[in-house]
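Let's take a friendly walk through some strands and charged pairs. Here is the structure to follow along with.

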Amino acid sequence: MKIRKILAWGLAGLVTVLAVVTVFIAATFDANRWKGEITQLVQEKTQRSLKIEGDLALSFFPSISVRLGQATLSERQSEQVFASLEGARISLRLWPLLAKRVVVDSVELDGIKAKLVRSKDGRMNIDDLLGVDEKSEKDDAPMPRFELAGVRIINGEFGWRDEEAGQELTISALNLKTGRLANAASDRFDLSLQLSSKNPLLAAQFAAKGEYRYDLDQKNVALAKLDLHLTGDAAEMKGLDLALTATALQLGGAGEVSVDGLALTVQGKAAGDPFAAKLEAPRLELAADQASGAAAHAMFKLNGAQRQLEAKIALTGLEGKGRILRIGKLAIDFDARQGDMRLKGALTSPVTANLEKQILELPDLNGKLDESAIAAKLHISRFSPLALGFDVDIDQLNIDKYLPPKKAAPGKGGGQPAAESSIDSPLDFSALKGLSANGVLKVGQLQAANVKASQVRLEIKLANGRLDLAPTAQLYNGSLAGTLSLDANTNQVAAKLNLVDVSLNPLMQDALDMNALEGRGSLALDITTAGNTVTAMKKGLAGTASLNVRNGAIKGIDLARTFRETKALFSTRKDASQKARQTDKTDFSELTASFRIARGVARNDDLSMKSPFIRLTGAGDIDIGEGRINYLARATVVPTAGGQGGKDLEYLSGITIPVRLSGPFDNLSYNLEFASLTAEAAKAKAKEVTGKAGSAIKGLFKK
């Protein structure tokens, strides 16, 4: 009894003493004095101006607390406001103080605002507050000890401006409520805020809640019953609605990741087209030395007026050891539509990833792309920038099927005039810079730009912004081999190509929509060009070319018939012009020509063509840049001409007739320049008179 009385009296005395001390501190507390001293201390330590405009109050029950009214803090060595608040309250628990422990009961901030800025030199306006300019502590320094019963922020606002990147982000209407915070703690949290930005465009609301458990010393963080929700607009996505839930999410200090019951759903509109996506991962574990996971599934749908896409992705057999991650099977199914174009396919492959070296391999990729069967091996040795190795084998591929249809030229087919050509749009090859690729593409049957080829093999090498291609193929009863290169640093293109023994007419019709030449022949090209548009590329062409054709025909003109029909004009030395006609042609047994190309103009001086009744030579220019021809051919009738009505041309035997080919590629004209044949005309006239006199003399003798 005596001991209990002593304890009771002692406790009563302690309470009395604390009450007296409390009353004394409260009675003698001078808010103005403390405000001045705090302001001076902040100025000395940070070179920032602190202005406490509201009241500063102290209370002791139910806990020791300090209340602060309106206040502002300036930028360093400036009067510009860096941060402000409407009010704050910090309270300390009493009983831990008796045990010489400082436990912050709660921190409440009302209307806090601050703006973080990173200048163009990389410095931030809070570097001084973080001690960046001071000597940093050792990495192994112990974590400072702290303990808070909770934090509450009401209607906060934080801004971020990156002057180097030209980006700004504002977080407003920030409300945060947490439970216990310490070096190691677990409790609940509730967060809501608004996001806004101009670059990139962002206007969204974000909310998150759940349970947390962490240990800063062990560098472990765990979340449970996680529920995140984002709504609003982001860049080109409007009406965005994103929800993420997880039963448990854990991050370890050594990079371990563990996820249970992860579900992500997203919907909204992209460029006006509705879309929806979903991801489910029931179980996933990634650690430094092993990995495992249940099957994961993802789905994406896009449903627009002109474009639709439905894709499904499935992962099974996930396992790992060390830093090597393996997926037993990656399966992708997709069905895409763009206007009248449709692309449907399915791809499967095992996957191997080296997380430490950031290497990804798809060693056995197989699938179907519409009618094309694909077998490939892919190796990614670097993701940023991409470094890719590949070996792709496709049985058949029609690239034209996946390109928009060509617009009709003005006046053709009775339709509306085609829209202005895009050939003067800038050519931008900058996407090649920094990328690296090395591999082989093989295609059994290929169609591209309406050109058909088989047994195609294309070696590809991309490095330092330069793309090098080495194609070989069988096409149009002949073969193709050569090299092409594109330098994205200078927009320069070079090509060395040899077409051997190809059928020229079907090749020219498919590639150029031109019906100008028949026969089997060989073509050698060695050209270079540079420019920022297709037109500039054409006008910058330089190099050489040569052509050798046998047993063919020049389409568009029948020289034999033309000479017969213009006999009267020849005698009167009047020129005769005609448009090229698809049904007309001039046969030849051999045609050869070489070209020197400079500034987009191909110059030829050595045309040689032989036919049963005529020999043709010529010289002139083919202006590739302007799409025009100005060429003068000289046709000489062979004295022993036969075939194609050669007997009717005996009066022209041995005479050389100029034939000028001119005009745009799609509207060529032929002009027989009889007016320039003064001597030849006289010779032909004398020959005709002599022939008539001879006939008369023969007639006299017959009589």
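At 13% relative accessibility, Asp273 counts as buried (buried means under 20% relative accessible area, exposed over 50%, partly exposed in between, with a 1.4 Å probe and protein chains only). Salt bridges that share partners also join Arg596, Arg603, Asp605 and Asp621 into one network; a salt bridge is a side-chain nitrogen of Lys or Arg within 4 Å of a carboxyl oxygen of Asp or Glu.

A word on the model: it is predicted, so local features need pLDDT of at least 70, side-chain atom pairs count only at pLDDT 80 or more, and totals for chains, interfaces and linings use all residues. Residues are numbered from 1 along each chain as its sequence is written, and side-chain values use heavy atoms, with hydrogens and water left out.

A search of the whole structure finds 26 salt bridges, among them these three:

| Pair | Closest N to O |
|---|---|
| Arg118 and Asp162 | 2.4 Å |
| Arg283 and Asp260 | 2.3 Å |
| Arg307 and Asp273 | 2.6 Å |

Arg118 is partly exposed at 30% relative accessibility, whereas Asp162 is buried at 4%.

Now to the strands (DSSP runs of E, at least two residues, numbered from the N terminus). Strands pair if DSSP finds at least two bridges between them. β28 (residues 451-463) and β29 (residues 466-475) run antiparallel, joined by eight bridges, and Glu459 sits opposite Ala470 in β29. Two residues separate β28 and β29 in their hairpin, where Asn464 in the turn has a positive phi of about 55°. Eight bridges also join β29 to antiparallel β30 (residues 478-487), with Thr472 opposite Ala481 in β30.

Definitions and conventions: Helices (H or I, at least four residues) and strands (E, at least two) are DSSP runs, numbered from the N terminus.
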